Amino acid sequence: MIKIKFPDGSVREYKKGITSLEIAEQISPRLAKEVYAATVNGEIRDLTRSIDTDATLILHKWEDEQAKHAFWHSSSHLMAEAIEALFPGTKFGIGPAIENGFYYDIDPGNEKVFTDSDLVLIENKMKELASKNLTYVRKDVSKKEALDLFSKKGDEYKTELIGDLEDGTISLYSQGNFTDLCRGPHLPSTEAIKAVKVLSLAGAYWRGNEKRKMLTRIYGITFPKQKMLDDYLVFLEEAKKRDHRRIGKELELFTFSPKVGMGLPLWMPKGSEVRKSLIDFMTGILRKRGYQMVTTPHIGNVNLYKTSGHFEKYGADSFQPINTPQEGEQFMLKPMNCPHHCEIFNATPHSYKDLPYRMAEFGTVYRYEQSGELHGLTRVRSFTQDDAHHFCRPDQLREEFKSIIDLVLYTFKILNFNEYTAQISLRDPDNKQKYIGSEENWIKAENDIIEAAAEKNLKTIVVTGEAAFYGPKLDFMVKDAIGRKWQLGTIQVDYNLPERFDLTYNGSDNQKHRPVMIHRTIFGSMERFIAVMIENTAGKFPLWLAPDKAIILPISEKYNDYAQNVLQLLNNSDICTLIDERSEKIGKKIRDSELRRIPYLLIVGEKEAENGTIAVRKQGEGDKGAMKIDDFVTFIKEEIKKEIAV
RNA sequence: GCCGAUGUAGCUCAGUUGGCCAGAGCAGCUGAUUUGUAAUCUGCAGGUCGGGGGUUCGAAUCCCUUCAUCGGCUCCA
């Protein structure tokens with residue numbers, strides 16, 4: 001007999017060699033149907049593997065990532081089987097589970113090109129195979145056996161993968177007629193896979209290397225219940241409805257023109273209003289926190305970026321330098337604000353007493369992004385950062401860093417992003433030539449970030465290899481209204497630029513000392529942030545951000561004069577208001593204004609004209625009753641104040 | 001940049017295997033109506049079918065090329 005300890009602390013005895021699935025069945029047959037994987041002594045395993053020693057056991061139901069992972073990974077094998085059945089000779093790369101579903105990278109070989117119509121075929125085949133309740137069978141083999149098997153099949157991708165594995169046992173999983181190299185774990189059988197959707201296909205370089213062959217990647221998702229798939233498809237629809245590119249066009253916020261150039265957003269009047277509100281809001285916060293605003297040009301001498309190191313790192317992949325006709329100088333479009341800010345710092349002498357020096361700019365930068373990478377406002381070639389640089393003494397760094405964390409969280413709170421995660425990005429220890437700066441400074445900078453985040457009790461994940469080339473960083477991700485994650489602000493420690501720009505301050509010892517720099521943005525960029533706000537609110541901006549606060553809807557043209565008076569009063573009171581003087585019925589005017597997502601609809605007819613009032617209707621909520629115009633002005637101003645206060 | 005897909009009016013979309021002046025709804029403009037909380041009616045106008053080239057008696061439809069967009073990959077200071 002062996003002792004099994006459960007997460008609730010209880011311990012039960014079972015006979016040696018029992019499987020997790022059998023344990024689940026003994027607890028309840030229903031549980032056995034709802035578990036998809038097990039963690040045995042901390043190791044994630046198939047439910048059907050036997051347990052031979054005393055162990056702790058966690059059974060994973062759908063809610064656990066481990067369960068979804070096993071489910072989708074098994075589904076990717078099922079998809080591979082379907083593909084192999086339909087298109088014999090297809091070679092297989094990798095087929096992992098991902099955050100939402102799974103994919104498989106395949107090489108169709110010969111002349112075959114996969115198209116959307118193949119997706120339906122694959123989907124139907126998967127459903128057919130799934131209904132056969134094929135069992136997933138694990139088999140441990142030697143490296144040589146595995147190599148033999150896949151060489152015989154002629155699958156060079158698999159043999160390459162096996163070749164990279166350590167000697168020893170290698171696990172294979174089979175279901176039906178398909179066998180794959182795989183670490184597992186997998187479902188007991190395909191029975192659990194009740195709903196299947198093959199979503200899309202795309203190209204993907206073999207092993208992520210652009211010099212190697214491009215394979216066909218097929219994405220899919222599966223669920224244990226049809227209802228779950230239906231819900232997921234509804235979610236995808238909802239995301240589509242919130243697409244900032246669509247809403248941006250609809251609400252006339254921004255546009256793109258191939259004549260101007262791809263990836264170069266054109267901000268229309270209403271979009272500019274949103275930007276202005278955000279900038280005013282942020283400027284107010286910065287003033288209170290001791291920042292000083294600066295302004296720098298959109299281009300800079302090439303030598304500036306050679307000094308900063310940006311030229312060496314990105315010069316070849318940037319917009320190329322602009323030449324002067326006479327002086328023989330070269331200028332680059334500004335890809336970063338920091339070199340300019342360093343020169344501002346350098347323009348005056350600094351005492352240790354004056355630090356930290358917090359310098360902020362809404363600075364527009366230009367970066368050449370590959371054409372295939374451009375995406376709405378979230379990936380563009382021209383964007384405005386809410387950029388700031390803190391120049392401080394080494395002994396101030398920790399506190400300064402923590403104060404920025406506070407600032408980021410404070411801003412998120414006002415903006416109603418209550419769910420967020422933070423990611424610490426460190427160097428790739430195996431690829432140090434990617435980075436500039438001394439070993440000593442990197443170690444210092446990485447420790448500073450890790451400790452500052454810990455002192456702020458931030459829940460963080462640490463990722464190596466994601467650091468900027470000059471320093472480690474702390475990134476913030478927020479969750480939006482429908483659960484999607486967006487990366488916003490970033491804080492980066494930099495010992496490097498101060499060195500390169502020879503920045504100094506006078507210490508109490510009257511010697512010159514080197515300051516430390518912190519780069520940070522909170523919105524990330526105005527473009528990206530507005531995109532996130534649009535998707536988060538589905539275009540229904542909070543009052544303070546709405547480009548137009550209200551629209552006056554006269555019941556009939558008879559009241560247009562009175563409506564005009566109201567319009568004047570409101571606009572004079574700084575409440576951006578529109579009017580709809582068309583000879584439409586009030587229902588139509590209301591509908592149109594609701595669709596334009598204008599926060600307040602002000603209906604005026606005979607009663608209102610007589611009493612000097614307006615009938616207020618709040619968007620999405622309906623009639624709020626009549627109000628005096630002055631009261632409405634006060635009300636709106638109060639509402640806005642409430643929204644941007646914590 | 002790479003792989004795949006898409007491109008018809010301001011927007012959303014029809015347009016069967018190539019065949020009469022390329023259609024609809026919404027938006028726009030006319031005119032009528034003067035309306036009380038999510039769509040009043042009439043009429044009109046609007047399109048080099050993304051651009052260029054080709055095949056054909058004939059191309060939105062087939063082929064080539066180019067541009068842009070979408071989904072990914074690579075990249076992201």
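Start by selecting residues 382-392 and 516-521 of chain A: these are strands β23 and β30, which run antiparallel and are joined by six bridges. Strands here are DSSP runs of E with at least two residues, helices are runs of H or I with at least four, and both are numbered from the N terminus. Two strands pair if DSSP finds at least two bridges between them. Now pick out H389, which stands opposite H519 in β30.

Before you go on, a word on what you are looking at: this is a predicted model, in which local features need pLDDT of at least 70 and side-chain atom pairs count only at pLDDT 80 or more, while totals for chains, interfaces and linings use all residues. Residues are numbered from 1 along each chain as its sequence is written, chains are lettered from A and ligands numbered from 1 in the order in which they are written, and side-chain values use heavy atoms, with hydrogens and water left out.

**The eight-stranded sheet**

Widen your selection to the open sheet of eight strands, in the order β18-β22-β23-β30-β27-β26-β24-β25, with mixed pairing. At the edges stand β18 (291-293) and β25 (460-464), each with a single partner strand, so one side of each has no neighbour in the sheet. From one strand to the next, the twist averages 25 degrees.

Next, add helix α14 (residues 439-455), which packs on the sheet and touches β24 (420-426), β25, β26 (473-479) and β27 (485-494). Touching, or contact, means heavy atoms within 4.5 Å. The direction of α14 makes about 160 degrees with that of β24. Axes are lines fitted to C-alpha atoms, for helices over the stretch in contact, and angles run from 0 to 180 degrees between N-to-C directions. Then show helix α16 (residues 526-537): α16 packs on the sheet too, touching β22 (357-366), β23 and β27, and its direction makes about 150 degrees with that of β27.

**A buried arginine**

Click on R242, in the loop between α7 (226-241) and α8. Is R242 buried or exposed? R242 counts as buried, because its relative accessibility is 11%; the cut-offs are under 20% relative accessible area for buried, over 50% for exposed, and partly exposed in between, with a 1.4 Å probe and protein chains only. Show side chains and you'll find a polar contact of 2.7 Å between R242 and E238. A polar contact is a pair of N or O atoms within 3.5 Å; within protein, one must be able to donate a hydrogen and the other to accept it, and residues adjacent in sequence count only if both atoms are side-chain atoms. Leaving out residues up to four places away in sequence, R242 touches several others, including I247, A481, R484 and I534.

**A five-stranded sheet**

Hop over to the open sheet of five strands, ordered β2-β1-β7-β4-β5, with mixed pairing. Its edge strands, β2 (11-14) and β5 (43-45), each pair on one side only. Here the twist averages 35 degrees from one strand to the next. Zoom in on β1 (residues 2-5), which runs antiparallel to β2 and is joined to it by four bridges. I4 has R12 in β2 as its bridge partner. Now add helix α1 (residues 20-27), which packs on this sheet, touching β1, β2, β4 (35-40) and β7 (55-61).

**An enclosed strand**

Select β12 (residues 169-175): five of its seven residues are buried, so the rest of the structure largely encloses it. On β11 (residues 137-142), S142 stands opposite T169 in β12. With β13 (residues 178-181), β12 pairs in the antiparallel sense over four bridges. Look at the hairpin of β12 and β13, with two residues between the strands: G176 takes a positive phi near 55 degrees there.

**Last stop: the RNA**

Finally, show RNA strand B. Which residues come nearest to it? Of the 52 residues around RNA strand B, they are Y205, M336, S371, E373 and R591; a residue is near if one of its heavy atoms lies within 4 Å. Sugar and phosphate make up 48% of the atoms of RNA strand B that come within 4 Å of the protein. Select S371 to see a polar side-chain atom 2.3 Å from a phosphate oxygen of RNA strand B. At E608, a polar side-chain atom lies 2.6 Å from a base nitrogen of RNA strand B.
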